[in-house]
Amino acid sequence: MQTITIRDDFIKLGQALKLAGLVDSGVDAKIVIQDGQVQVNGQTELQRGKKIVPGDVVAFQGQTFKVEKKAVC
């Protein structure tokens, strides 16, 4: 399982898919999310703007990633 690190309290689902390298653009993210191809914590998610918070697990096309918050030093 891949891990992506964010600075803020959340990241939108479409942005998270791009950050993880699973889609090339926001348009691609919109299409795969609206087609029901993306799961968040085991549930199909249809909202591109869904807030993904640290600890959430996102799955798409057999690949998964977990979101973590960057530690402040």
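Helices, in runs of at least four residues, and strands, in runs of at least two, are assigned here by DSSP and numbered from the N terminus. With that naming in hand, E45 can be placed in the loop between β4 (43–44) and β5. The structure described here is a predicted model, and the points below follow its charged side chains first, then its backbone angles, and then some distances between parts of the chain.

**The salt bridge**

- The structure holds 1 salt bridge, and the partners are D9 and K69, whose side chains meet at 2.6 Å, taken from N to O.
- This pair links distant parts of the chain, since D9 lies in the loop between β1 (2–6) and β2 (11–12), while K69 belongs to strand β7 (residues 63–69), 60 residues apart from D9.
- As general background, side chains of opposite charge can pair when their charged atoms come close.
- D9 counts as exposed because its relative accessibility is 53%, which is over the 50% that the term requires.
- K69, with a relative accessibility of 40%, counts as partly exposed.

**Buried acidic residues without a salt bridge**

- Which side chain of opposite charge is nearest to the buried residue E45? It is K50, at a distance of 4.4 Å, and E45 has no salt bridge.
- The reason K50 and E45 are not counted as a salt bridge is the cut-off, because a side-chain nitrogen of Lys or Arg must be within 4 Å of a carboxyl oxygen of Asp or Glu.
- The side chain of E45 does have a polar atom that lies 3.0 Å from the backbone nitrogen of Q47.
- D56 is found in the loop between β5 (51–52) and β6 (57–60), and this residue is also buried yet without a salt bridge, with K50 again being the nearest side chain of opposite charge, here at 6.2 Å.
- The side chain of D56 makes a polar contact of 2.9 Å with the side chain of N41.

**The positive surface patch**

- Which residues form the positive surface patch? The patch is made up of K12, K18, K30, R48 and K51.
- One of these residues, K30, lies in helix α2, which spans residues 26–34.
- K30 is partly exposed because its relative accessible area is 36%, and this value also fits the patch, which takes residues with over 30% relative accessible area and no salt bridge.

**Positive phi angles**

- Most residues other than glycine have a negative phi, and against that background two residues of this model deserve a look.
- N41, the residue that contacts D56 through its side chain, has a phi near 55 degrees, a positive value in a residue other than glycine.
- N41 sits in the loop between β3 (38–40) and β4, where its relative accessibility of 44% makes it partly exposed.
- Q61, which is likewise a residue other than glycine with a positive phi, has a value near 50 degrees, and its place is in the loop between β6 and β7.
- Is Q61 buried or exposed? Q61 is exposed, because its relative accessible area is 62%.

**Distances between parts of the chain**

- G14 lies in helix α1 (residues 13–19) and is buried, with a relative accessible area of 6%.
- Although G14 and Q47 are 33 residues apart along the chain, their C-alpha atoms are separated by 8.7 Å, and Q47 is the residue whose backbone nitrogen lies 3.0 Å from a polar atom of the E45 side chain.
- I11, a residue of strand β2, counts as buried because its relative accessibility is 10%, which is under the 20% set for that term.
- The C-alpha atoms of I11 and G26 are separated by 13 Å, with their positions 15 residues apart in the numbering.
- Q34, in helix α2, counts as exposed at 52% relative accessibility, and its C-alpha is 14 Å from that of K12, a residue 22 positions apart from Q34 in sequence.
- N41 and Q2 are 39 residues apart in sequence, and their C-alpha atoms are 14 Å apart in space.

Technical notes:
Residues are numbered from 1 along each chain as its sequence is written. This is a predicted model: local features need pLDDT of at least 70, side-chain atom pairs count only at pLDDT 80 or more; totals for chains, interfaces and linings use all residues. Side-chain values use heavy atoms; hydrogens and water are left out. Patches are made of residues with over 30% relative accessible area and no salt bridge: like charges are joined within 9 Å, nonpolar side chains (Val, Leu, Ile, Met, Phe, Trp, Tyr) within 5 Å. Accessible areas come from the Shrake-Rupley method with a 1.4 Å probe; for residues, only the protein chains shown count as cover. Lys and Arg count as positive and Asp and Glu as negative; His and the chain ends are not counted. The place of a charge is taken as NZ of Lys, CZ of Arg, CG of Asp or CD of Glu. Buried means under 20% relative accessible area, exposed over 50%, partly exposed in between (1.4 Å probe, protein chains only). A polar contact is a pair of N or O atoms within 3.5 Å; within protein, one must be able to donate a hydrogen and the other to accept it, and residues adjacent in sequence count only if both atoms are side-chain atoms.
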